[in-house]
Amino acid sequence: MTAELTAEFETFVRTATGHTPYPYQARLAAEGLPTLLRVPTGGGKTVASVLPWLYRRLVTVPQDTPRRLVLVLPQRSIADQTFVRVGEWLERLGLTGEVGLHLLAGGAAQEGGWRRKPEQSGILVGTHDMVLSRALMRGYADWRPMAPVSYGLLHTDTQWVFDELHLLGPALSTSVRLQRLRDRLGTAAATRTMWTSSTRDPAGLGEAVLGSGAPATLRRVARLDLPPGDYVAALTEAVTAAHVPGTRTVVVLNSLERARAVHAGLAAAGREVLLLHSYFRAADRHRLLAATEGQRDHVVVATPALEAGLDLSGRTLVTELAPWASLVQRAGRCNRYGEHPEGGDVLWCTPPEGGDPATARWLTAHEGRAVTPAQLQAARIDEPVPPPGPGRADLLALFDTAPDSDTDSDSDSDTDSAPDTETPATAVDRWICEPSELTALVAWRAWEPTGPAEDEPDPAGAELCPVPLGELQQLPAGRAWLRDALDGRWRPALPADLRPGARLLLDARSGGYLPDRGWTPRSPAPVPPEAAGPERPAYGCTTWVSLDQHLQETADEAHLLLAALPELPAALREAVIRAARYHDLGKCHDAFQEKLRAGRPDPPDGLLAKSRNGAEPLPPLRPTRPYFRHELVSALLLRHGGHDPLVTYLAAAHHGHVRITVRPRGDEAPLLLGVADGDRTPPVELSTGERFPARTLHIATFPQEWTERALSLRDDPDLGPFRLAFLETLVRVADWRSSARHDGPLTWAL
């Protein structure tokens, strides 16, 4: 980087953060993000992960810099904090409208606006469970038919950054395997990964770029010899004795149960104490974090959620023995910025279940000595090698999103707030989280004894609290409720419903949560419900749209979208445009035309694609045949007409329901997704001059033949799963945009 560009980058960073960048951060802006970045705790990893990429994307080498940055963090609290910080940077740089910023964590994980602008530079901030599950086509808290869109974008034109690789658990190997599979199978545009660490590289990622910038602060190491007997009581007394008046003491414990108990003991003794862990509603978590900033003479008791990312420092750190990388992170919360010139104290103890022997030996050898961040980073402590992630065969099997059960809605909508549906049995949990880390999302409401009313609204992001699945499974039957994906009504949650990302309601009068303690399953105190956010205004199609018009407008949108994205091979570009032009041919079927007209006044003649909403609420659009999918009819028409298999697949896949495996739903057999063998479609003539004659539809051999063709596309070396899903995404985005041309607020809802 020339002196001129260095000065420009320094101005860029100072404008965003108010601080001058460290030399290693300027190097990243000049050379790009490396595979592995090692930076001591407090050395500016968040700035290094975001601003060099942003500078390259917008200023120096946009054509060589992926347009999406996906910042993957180990805890929701850290993701929330980072999301706010990056938003402040974008605002100071005047880039709020130019660069999209989206949160994929907790209740915000279902937000899908980022999928609708694939040509925009954007930053996604999320937790590894919510983001990696989408990269495996099994997004937690995501609507199953949207899975290919998330997958297609996350594996295309994206710079991944995994923060604190030692906290990723199984996700570390998964992230490594996914990058290697992208390199092997190919993507439509370059996609890269950087991992950051404050310690060594347990995954063998190769040579690291070493960052510096953290102050050379001192921490004295000492062991707490707790007497046998009541461990929690002894630890509580030790914390009380170690606390220096007028300063902050940070206590990090390996289990949430012990953190709750020590917090309660300190509070009972009259100590000013705060409890931090991952299981709070957003407003309460933000309030507690703000309280830690405003106080100095207090104790913070935390779980390992505090290890990375939270900008918190104490004069004294009390920690249980943990694996070396975790211990280094915790030590980084002691005298973090050198605010105590005399140094801080790192006091450690062995929990009842024992701890890592190698870490204990190093700490014992440095008993009574002052150590610096550089010494901690340089220590050679053997760490366990993470288990292997998914292989090629696993990845290909996950490409099929056909549901195992009959919970698909027959809605034609592509909304991002559609109800969750079942996913195939191919589970991804083992590649993402330890079982204890899997969570559902819970909100509290008050209702009559019979359960939530039929019109009880879905919980909004601010209401939702992540809760460990293991603790939810211990609740009495009937305590948790969810909205049924098939009929849209509230019902008691069954054990099979308790899966990662599920959104549940609990009766506020039965307790389970305290604003200053978060998820507290044994608390009987009524929970003050968090106010639900305002409902989005009702939007819908405001005019009748003919089938020919919609198909032409979708093809036009595909042209515009392709022009704004990296160049694709001519054959693939043409396939996307033709699929956009043909995607809704199946709407010519009588079942769909009857659905569009049912209960609607004054429908026009001819084949329609969209129905007009009236001046008053109208009944929901329901097909005369349950499970009817018009895109299956599109596939049948194109297949019978001998069209390109890729065009046929992309047209069929544009709602995410007809992709690899196609089977009857419920008890509809011998029908297939609402289509009967022998159904006849009318002729279709497009304004482009293309004609599709009347057809008799045959479905007897379709499922097997379709799966064989779809798999051949997935396994084609010139396509592969990542490119194929990206092409699906382009057709769907073009369809959304052409539909949006005619959408507006419904007058009766204003």
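Two aromatic rings from Phe, Tyr or Trp (its six-membered ring) count as a pair if their centres lie within 6.5 Å. By that rule, this structure holds 15 aromatic pairs. Keep in mind that you're looking at a predicted model. Besides the rings, we'll look at an open sheet of seven strands and at one buried threonine, Thr 303.

**The sheet**

- The seven strands of the open sheet come in the order 10-11-9-12-13-8-14, and their pairing is mixed.
- Strand 10 (273–276) and strand 14 (370–371) are the edge strands; each has a single partner strand, so one side of each is left without a neighbour in the sheet.
- Helix 8 (residues 231–242) packs on this sheet and touches strand 9 (248–252), strand 11 (298–302), strand 12 (316–320) and strand 13 (344–349). Its direction makes about 165 degrees with that of strand 12.
- Strand 8 (residues 219–223) pairs with strand 14 in the antiparallel sense, over two bridges. Here you can find Arg 219 with its bridge partner Val 371 in strand 14.

**Strand 13 and its surroundings**

- Strand 13 pairs with strand 8 in the parallel sense, over five bridges. Strand 12 and strand 13 are parallel too, again with five bridges.
- Look for Asp 345 in strand 13: Arg 220 stands opposite this residue, and Asp 345 is also the bridge partner of Thr 316.
- Strand 12, helix 11 (residues 324–331) and strand 13 together make a right-handed β-α-β unit.
- Helix 12 (residues 357–365) lies across strand 8, strand 13 and strand 14, and runs at about 135 degrees to strand 13.
- In a regular strand, side chains alternate between the two faces of the sheet.
- In strand 13 both faces are covered: Gly 344, Val 346 and Trp 348 are buried on one side, and Asp 345, Leu 347 and Cys 349 are buried on the other. That's six of its six residues.

**Aromatic pairs**

- To describe a pair of aromatic rings, you give the distance of the centres and the angle of the planes.
- Tyr 151 and Phe 399 have ring centres 5.9 Å apart and planes at 70 degrees; angles over 60 count as edge-to-face, so that's what this pair is.
- This pair links distant parts of the chain, 248 residues apart: Tyr 151 is in helix 6 (residues 147–154), while Phe 399 is in the loop between helix 14 (392–398) and strand 15 (439–445). Tyr 151 and Phe 399 are both buried.
- Trp 444 and Trp 519 make a tilted pair, at 6.2 Å centre to centre with 40 degrees between the planes.
- These two tryptophans also link distant parts of the chain: Trp 444 is in strand 15 and Trp 519 in strand 21 (residues 518–519), 75 residues apart. Both are buried.
- Elsewhere, ring pairs join Phe 9, Phe 12 and Tyr 55 into a cluster.

**Charges over rings**

- Phe 399 turns up again here: the charged end of Arg 659 sits over its ring, 4.5 Å from the centre.
- Arg 116 lies over the face of Trp 736, at 4.2 Å from the ring centre.

**A buried threonine**

- Thr 303 is in the loop between strand 11 and strand 12.
- Buried means under 20% relative accessible area; Thr 303 has 7% relative accessibility, so Thr 303 counts as buried.
- Leaving out residues up to four places away in sequence, Thr 303 touches Val 252, Leu 253, Ser 255, Leu 256, Ala 259, Leu 276, His 277 and Ser 278.

How values were computed
Residues numbered from 1 in each chain as written. Predicted model: local features only at pLDDT ≥ 70, side-chain atom pairs only at ≥ 80, totals over all residues. Heavy atoms only, no water. Pairing = 2+ DSSP bridges. Helix = DSSP H or I, 4+ residues; strand = E, 2+ residues; numbered from the N terminus. Contact = heavy atoms within 4.5 Å. Axes fitted to C-alpha atoms, helices over the stretch in contact; angles between N-to-C directions. Buried < 20%, exposed > 50% of the residue type's maximum accessible area, 1.4 Å probe, protein only. Right-handed = clockwise from strand over helix to strand, strands pointing away. Phe/Tyr/Trp six-rings, centres within 6.5 Å; stacked < 30°, edge-to-face > 60°. Lys NZ or Arg CZ within 6 Å of the ring centre and 35° of its normal.
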